[in-house]
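User: I'd like to learn how to read helix packing and chain contacts in a model. Can we go through one together?

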There are 2 protein chains.
Amino acid sequence: MGYLFKVPPFHAPARDLPMSQMLQIHDQLREMILSLDLGPGERLTERWLESRFEGSRTPIRAALVRLEGEELVRRDGRNWIVAPIDLGELEALAEFRIPLETTAVRLACARASEADIAGVEEMLDACQSGAPREEWHRVGTDFHVEIARLSGNPFIVKAIAGAMTRLSRARWLEVWTEPSREQAWREHRRILGFIKAKDPDSAAREAADHITDTRDRLLRSLNEDRRGLRARGFAVIGLR
Amino acid sequence: MGYLFKVPPFHAPARDLPMSQMLQIHDQLREMILSLDLGPGERLTERWLESRFEGSRTPIRAALVRLEGEELVRRDGRNWIVAPIDLGELEALAEFRIPLETTAVRLACARASEADIAGVEEMLDACQSGAPREEWHRVGTDFHVEIARLSGNPFIVKAIAGAMTRLSRARWLEVWTEPSREQAWREHRRILGFIKAKDPDSAAREAADHITDTRDRLLRSLNEDRRGLRARGFAVIGLR
DNA sequence: CGGTCTTTCTTGGGATACCGAAATGGGATA
DNA sequence: TATCCCATTTCGGTATCCCAAGAAAGACCG
């Protein structure tokens, strides 16, 4: 905070949670990064964050260290920057997701309760054609995490959640057409349908195809719009 | 540091790397945790760490936040504790590793160069029967990470490295017999052999079997020695 | 006018001051 | 003696302060 005209040491009025300020700042900053509110590659100074979040450097640095662990923020020399988007990761990410998600749906077939499955169905239902883009984006991410959750394996859940986070910003850059949205929606439905029907092989095949399709759609869209991306000034690297 | 008889503000003599103290503390603390130098569940006070590492709370807190991200340290209310060992994770961990490592060895068959494979072979060779226990422990972990590296997929590498870290402490608790050591060694050899021979199916089968075997060996040993574990006072939970 | 040296400013890394809450530890009391 | 209460300490959370290094901005010289 400012060093002049400063009100004498004012200590926070004791929130109920530990490190509450740090957690708040972490969440907000995370959201700003994932929503592209802060551009990939953008420099973050602790002092700017201080004024932006009206907290002192201590909780801000803690939040930055934490975000560094999530690879949403990175060091550039001794500076902090928002992690750039590396579109070269997209293939590796799909390659990583396929074995995990096929395993997840297989396990889900064996373990998921009717109620759990119904919960995911509801989530899909809640996002109809007219829904705003944010909604589609969120559900498109959460679906995969929720499916992973049906597997009952926390390591799979965490890995998938991490992968979807890494994918999130690239997905914002995609130019979404109505047909592609529709296709994704149908594929999600189909995967869930096979889980409900306890058909692990079909579910796994469908999941793998979906990941591949999505990757291709994304890469195609980004390649076509490459000029647009640069124009928007994003530090986007790695697209071959 | 102490509040009495304190030498006036002494500022660190400028290391070359940014946040060097934090990184040093992080590494040392990490090592102490993984080697069971600090018992699972043990309370860590920032002030104790201060004197232990002769640094101030700032870098120590950064190291703790970072370790929290690796789940080696955790909050308990507003205290810090060394993450307990949860032996209930062992099954889920194996379930997680199998699809990833089978994928890794398949990819390795397609992508690994002779030189890379030779590097891993050397690592195995360097650890002969007479080697100290630490050596076996390290190689037993690193082998899997190095195999993952042969896949060329950084996400797989990171996931496997994380899984092996999570497994590391449980492996220290295992009572290692000469035959089991031998078996693990043979299995590692075999996996690498199939990769060298570009036989993905056999490599994948072998890798999956190895993970299963290792899990069973570990669970059996821990079950038999459960009394011993408690006697040693470890905060070990989750063994059914 | 361009290049270079110097001064200044800014930033991150680290140390410490201070607060409130929780833990601790005696004694006093029933 | 068991229990409760309050003084004291300890601890984590936060704010601020100090330092060194490097970047930016001038100042100076050829």
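User: Is the crossing of α4(A) and α7(A) left-handed or right-handed?

Analyst: The crossing of α4(A) and α7(A) is left-handed: the near helix is turned anticlockwise from the far one by less than a right angle, while clockwise would be right-handed. Helices here are DSSP runs (H or I, at least four residues), numbered from the N terminus. Keep in mind that this is a predicted model, where local features need pLDDT of at least 70, side-chain atom pairs count only at 80 or more, and totals for chains, interfaces and linings use all residues. Residues are numbered from 1 along each chain as written, chains are lettered from A and ligands numbered from 1 in written order, and side-chain values use heavy atoms, without hydrogens and water.

User: At what angle do α4 and α7 of chain A pack?

Analyst: Two packed helices are described by the angle between their axes and the distance between those axes. Here α4 (residues 89-111) and α7 (residues 154-173) of chain A pack at about 145 degrees, with axes 10 Å apart. Axes are lines fitted to C-alpha atoms over the stretch in contact, and angles run from 0 to 180 degrees between N-to-C directions. Among the residues that meet (heavy atoms within 4.5 Å) are Leu93(A), Phe96(A) and Leu100(A) from α4(A), and Ile156(A), Ile160(A) and Met164(A) from α7(A). By class, this contact has 13 nonpolar, one polar and four charged residues; nonpolar covers Ala, Val, Leu, Ile, Met, Phe, Trp, Tyr, Cys and Pro, charged covers Asp, Glu, Lys and Arg, and the others, Gly among them, are polar.

User: And how do α6(A) and α8(A) lie to each other?

Analyst: The axes of α6 (residues 133-150) and α8 (residues 178-196) of chain A come within 12 Å and cross at roughly 20 degrees, so α6(A) and α8(A) are roughly parallel (under 35 degrees; over 145 is roughly antiparallel, 65 to 115 roughly perpendicular, the rest oblique). Their crossing is left-handed. The contact includes Trp136(A) and Phe143(A) of α6(A), plus Trp185(A) and Leu192(A) of α8(A). It has seven nonpolar, three polar and one charged residues.

User: What area is buried between chain B and chain A?

Analyst: Interface size is often given as the accessible area lost when the parts come together. For chain B and chain A that's about 2,400 Å², with carbon and sulfur atoms giving 64% (1.4 Å probe, summed over both parts). In chain B, Glu95(B), Phe96(B) and Phe155(B) lose the most area to chain A, together 27% of what that side buries. The contact takes 32 residues from chain B and 31 from chain A.

User: Why do the copies meet through the same surface?

Analyst: Because 97% of chain B's interface residues are also interface residues in chain A.

Definitions and conventions. Helices (H or I, at least four residues) and strands (E, at least two) are DSSP runs, numbered from the N terminus. Buried area is the accessible area (1.4 Å probe) that two parts lose on being put together, summed over both.
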